[in-house]
Amino acid sequence: MRLLFLVFLSYSFLSAGGILDIKWPKANASQQKSTTPYPKVLLEGIKDVRLPVYLSASYAYDKNMIVVADKGFYSISFALNGAMVLFEGDRTYQESVSPKNPEFSKIIQKAKRVEFSKSEEIMTVDFNRHGANYTISVECDKPKTDKRCTQERFIRDLYSRIVMVGGHP
């Protein structure tokens, strides 16, 4: 599937930009550590990641995940019946722009904190937390008829259920 290719392609792009500073969140009731251990594939895969790692609570215990990660990024994918879900996070940027730049200020004011979109038959949500960039993508085998790729409800539910599952400074 195209998303697996994107996982490996994103790895090559991540070495091109600079590193964003992460503002680690303070612990709160909604992000407390799970009392049930996460699967070994997840824990081993993200052990070196130096940014908060988010997954939908719906998939945090699914042992059939594929994890590709390094210090500055992670990509975790799940094969569903007729679709693939991909959770990504990275702390890179491609270009350095001063926040004092008036054009930058205009762009930031117009930018949405969370952006749901559909592009090339892939449903995505892009967001920024703690100074890191995150994306959730859903690609369907039948993108014109599968409701997971024709309606936002499925991806909005994934986003609404994200929990921090790891990462460290």
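In the predicted model, Asp48 is found in the loop that runs between helix H2 (40-45) and E2. With a relative accessible area of 44%, Asp48 is partly exposed, since the cut-offs place buried residues under 20% and exposed ones over 50%. When residues up to four places away in sequence are not counted, Asp48 touches Asp70, Lys71 and His168. The C-alpha atom of Asp48 is also separated by 8.7 Å from that of Gly72, although these two residues stand 24 residues apart along the chain.

The strand that follows this loop, E2 (53-56), takes part in enclosing an internal space. Rolling a probe the size of a water molecule over the atoms shows where empty space is left. One cavity of 30 Å³ or more was counted in the model, and the largest cavity holds about 40 Å³ of space. Its lining is made up of Tyr54, Leu55, Tyr74, Phe87, Glu88, Phe127, Tyr134, Thr135, Ile136 and Ile162. At least two of these lining residues come from each of strand E2 (53-56), strand E5 (83-90) and strand E9 (132-140), and E9 makes the greatest contribution, with three residues. In terms of chemical character, eight residues of the lining are nonpolar, while one is polar and one is charged.

Strand E9 (132-140) also leads to the disulfide of the model, for which the count comes to one. This disulfide is formed by Cys140 and Cys149, whose sulfur atoms lie 2.1 Å apart. Because the torsion about the S-S bond of Cys140 and Cys149 is about 90 degrees, the disulfide is right-handed. Both of these cysteines, Cys140 and Cys149, are buried.

A further residue considered here is Arg148, which belongs to helix H4 (residues 147-150). Arg148 has a relative accessibility of 18% and therefore counts as buried, the cut-off for burial being under 20%. Two polar contacts involve the side chain of Arg148: a polar atom of this side chain lies 2.8 Å from the backbone oxygen of Asn81, and a contact of 2.7 Å joins the side chain of Arg148 to that of Asp146. If neighbours within four places in sequence are left aside, Arg148 is in contact with Leu80, Asn81, Gly82, Ala83, Met123, Val138, Cys140 and Phe154. Asn81 thus appears both in this set of contacts and as the residue whose backbone oxygen faces the side chain of Arg148 at 2.8 Å, while Cys140, also in contact with Arg148, is one of the two cysteines of the disulfide.

Key
Residues are numbered from 1 along each chain as its sequence is written. This is a predicted model: local features need pLDDT of at least 70, side-chain atom pairs count only at pLDDT 80 or more; totals for chains, interfaces and linings use all residues. Side-chain values use heavy atoms; hydrogens and water are left out. On a 1 Å grid over the protein atoms alone, a cavity is a set of points where a 1.4 Å probe fits but cannot get out, and a pocket is an open set with protein on both sides within 12 Å along at least five of seven lines; lining residues have an atom within 4 Å of a point. Grid points are joined across faces, edges and corners, and a volume is the space filled by probe spheres set on the points. Helices (H or I, at least four residues) and strands (E, at least two) are DSSP runs, numbered from the N terminus. Ala, Val, Leu, Ile, Met, Phe, Trp, Tyr, Cys and Pro count as nonpolar, Asp, Glu, Lys and Arg as charged, and the others, Gly among them, as polar. Buried means under 20% relative accessible area, exposed over 50%, partly exposed in between (1.4 Å probe, protein chains only). A polar contact is a pair of N or O atoms within 3.5 Å; within protein, one must be able to donate a hydrogen and the other to accept it, and residues adjacent in sequence count only if both atoms are side-chain atoms. Contact means heavy atoms within 4.5 Å. A disulfide is a pair of cysteine sulfur atoms within 2.5 Å.
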